[in-house]
Amino acid sequence: KPFELLNKNLYRFVIYKTNEGNYLFMDLHHIINDGTSETIIFKELETAIDGIELEKEQYTGYEVSLEEEKIKNTAYYDKAKSYYSNILSNRDNNFRFINAKESDVKESKEIDIDLNIEPLAIDQFCKDHKLSKNAYFNAVISLVLSRFANKEEINYATVHNGRNDSRLQNVVMMLVKTMPIAATIDENSKVLDLINEIQTHLVNNMRNDSYSFADITSTFGFESDVLFTFEGDTFSNDTVSNKYLSVQESPESYAKYPLTILLKIVNNKYVINISYLLNMGIIHLFFLIYYLSMIQHHKPVVYYMTENDVYMAAGENTVVYGFNVSVPVNISKMAARDGVVIRNYKVIYELLDDAKHEMENLLDAEVVEEDQGEMKMKGVFRTEKTSIIAGGEVLKGRVAAGLLAKVMRDKQEIGEA
């Protein structure tokens, strides 16, 4: 049941008593509640069930809102604006590589992909190099976007929990904040250096989160098609005081971003949830493949074209398309022998454009009719097996040899000539 946003509560609590047991149902609007808030509510519910007196809230969401408004007229706010001016000025902040406009399809789909890798290896890597997992995965997404769009400067949006102030640790309200990632990827730099740069970027963004994402987009024209969130295992509650707990989110009616990627830990494994616009077509498939390969191997994977790829195409006058793959010498010779064309690409748009052009060539030619003139038949002079010689009066336009004609009677087509 939808909430009424004006003059109504944005939460519902109902207790159902049945023969099987008592059930508590909670329904909270996302405007007043985030993932950390849910964890706080569940912990306090458990405390109450265990008979322990709850502590009074020391700092309320209302007080947070008032303080955020006051900050806008302080040097703290100006300092945050200056920070974003330094990193976003003199660069192209419009990063819309999916070509999805406001007028495009808004309906979206979601898919979950189990990466089949345990978090322990990545945990140890981050521990050894004093990195956060959030920085690690944001570096991965930065690399992917750079290689996918063939750009050194990339933009996308990410989020943080907005609880930098120690007073906010137990506040129940929507505190999650969107923030920009503006990264420059140098192919000659080391991956570890990139992760450290992204980590510094994330920390500085959080320190300057008084300057809102709305302000950033309007002031600096920051745009991107991608939202990435690393959730980890923060919200993995499944019991409260040994009672079963189930949390369900209402599905979005439309996509907020053309491509939204949520990385989380489920049953001690990384799972990626991807929401994408239906009009993205093949784009998201390439993105997924590349993204998954980088996470599992800590670096881009180089795939090899095989004999089977050429064998399947042999004798069919077929083009084999490759994206960032290696083509061994023996495979090139095999393809030349069998008349197979191999086209390898480093830029995804070039592959898609060429594939589209080839498919268009396979279509039947489109016939476009253009009226040249109109003639009224006056008489038939001679009729033969394969032709008719007739004469008439040109009413408009022109009639010339070589033109195709439709023969009409009472506005109905009865033949062609």
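Which residues make the nonpolar surface patch of about 550 Å²? The patch is formed by Met375, Met377, Val380, Ile388, Val394 and Val399. The model described here is predicted.

## The nonpolar patch

Two elements give two or more residues to this patch: β17 (373-383) and β18 (388-397). Strand β17 supplies the largest share, three residues.

Val399 sits in a loop, between β18 and β19 (406-409). Its relative accessible area is 48%, so Val399 is partly exposed. The cut-off for exposed is over 50%.

## Overall make-up

The protein has eleven helices and 20 strands. It contains 417 residues, and 34% of them are buried. Its accessible surface comes to about 27,700 Å². Carbon and sulfur atoms account for 50% of that surface.

Take the contacts with a separation of 6 or more. Of these, 64% are between residues 24 or more positions apart.

## Helix α3

Helix α3 covers residues 75-88, which is 14 residues. At 1.5 Å a residue, the expected span is 20 Å. The C-alpha atoms at its ends are 20 Å apart, so the model agrees with the expectation. Its buried residues are Tyr77, Ala80, Tyr83, Tyr84 and Leu88. They lie on the same side of α3, because their arc around the axis is only 115 degrees. An α-helix has 3.6 residues a turn, so residues three or four places apart point the same way.

What covers the buried residues of α3? The cover includes α2 (61-71), β6 (177-184), α6 (191-207) and α7 (213-220). On the other side of α3, the exposed residues are Ala75, Lys79 and Asn86. After the helix comes Asn90, with a positive phi near 60 degrees.

## Salt bridges between elements

How many salt bridges does the structure hold? There are twelve. One of them joins Lys177 to Glu68, with the closest N and O atoms 3.6 Å apart. Lys177 belongs to strand β6 and Glu68 to helix α2, so this pair ties together parts that are 109 residues apart in sequence. Both elements are also among those that cover the buried residues of α3. Glu68 has 35% relative accessibility and therefore counts as partly exposed.

A second bridge pairs Asp123 with Lys133, at 3.3 Å from N to O. Asp123 is in helix α4 (residues 119-128), and Lys133 is in helix α5 (residues 133-149). The two residues are ten residues apart. Asp123 is partly exposed, because its relative accessible area is 27%. Lys133 is partly exposed as well, at 23%. Buried would require a value under 20%.

## A sequence-adjacent pair and a network

Are Arg337 and Asp338 buried, partly exposed or exposed? Arg337 has 62% relative accessibility, so this residue counts as exposed. Asp338 has 25% and counts as partly exposed. Their side chains meet in a salt bridge, 2.9 Å from N to O.

Salt bridges can also share partners. In this model, such bridges join Glu67, Asp165 and Arg167 into one network.

How values were computed:
Residues are numbered from 1 along each chain as its sequence is written. This is a predicted model: local features need pLDDT of at least 70, side-chain atom pairs count only at pLDDT 80 or more; totals for chains, interfaces and linings use all residues. Side-chain values use heavy atoms; hydrogens and water are left out. Helices (H or I, at least four residues) and strands (E, at least two) are DSSP runs, numbered from the N terminus. The expected span of a helix is 1.5 Å times one less than its number of residues. Buried means under 20% relative accessible area, exposed over 50%, partly exposed in between (1.4 Å probe, protein chains only). The arc is that of the directions from the helix axis to the C-beta atoms. Contact means heavy atoms within 4.5 Å. Patches are made of residues with over 30% relative accessible area and no salt bridge: like charges are joined within 9 Å, nonpolar side chains (Val, Leu, Ile, Met, Phe, Trp, Tyr) within 5 Å. Accessible areas come from the Shrake-Rupley method with a 1.4 Å probe; for residues, only the protein chains shown count as cover. A salt bridge is a side-chain nitrogen of Lys or Arg within 4 Å of a carboxyl oxygen of Asp or Glu.
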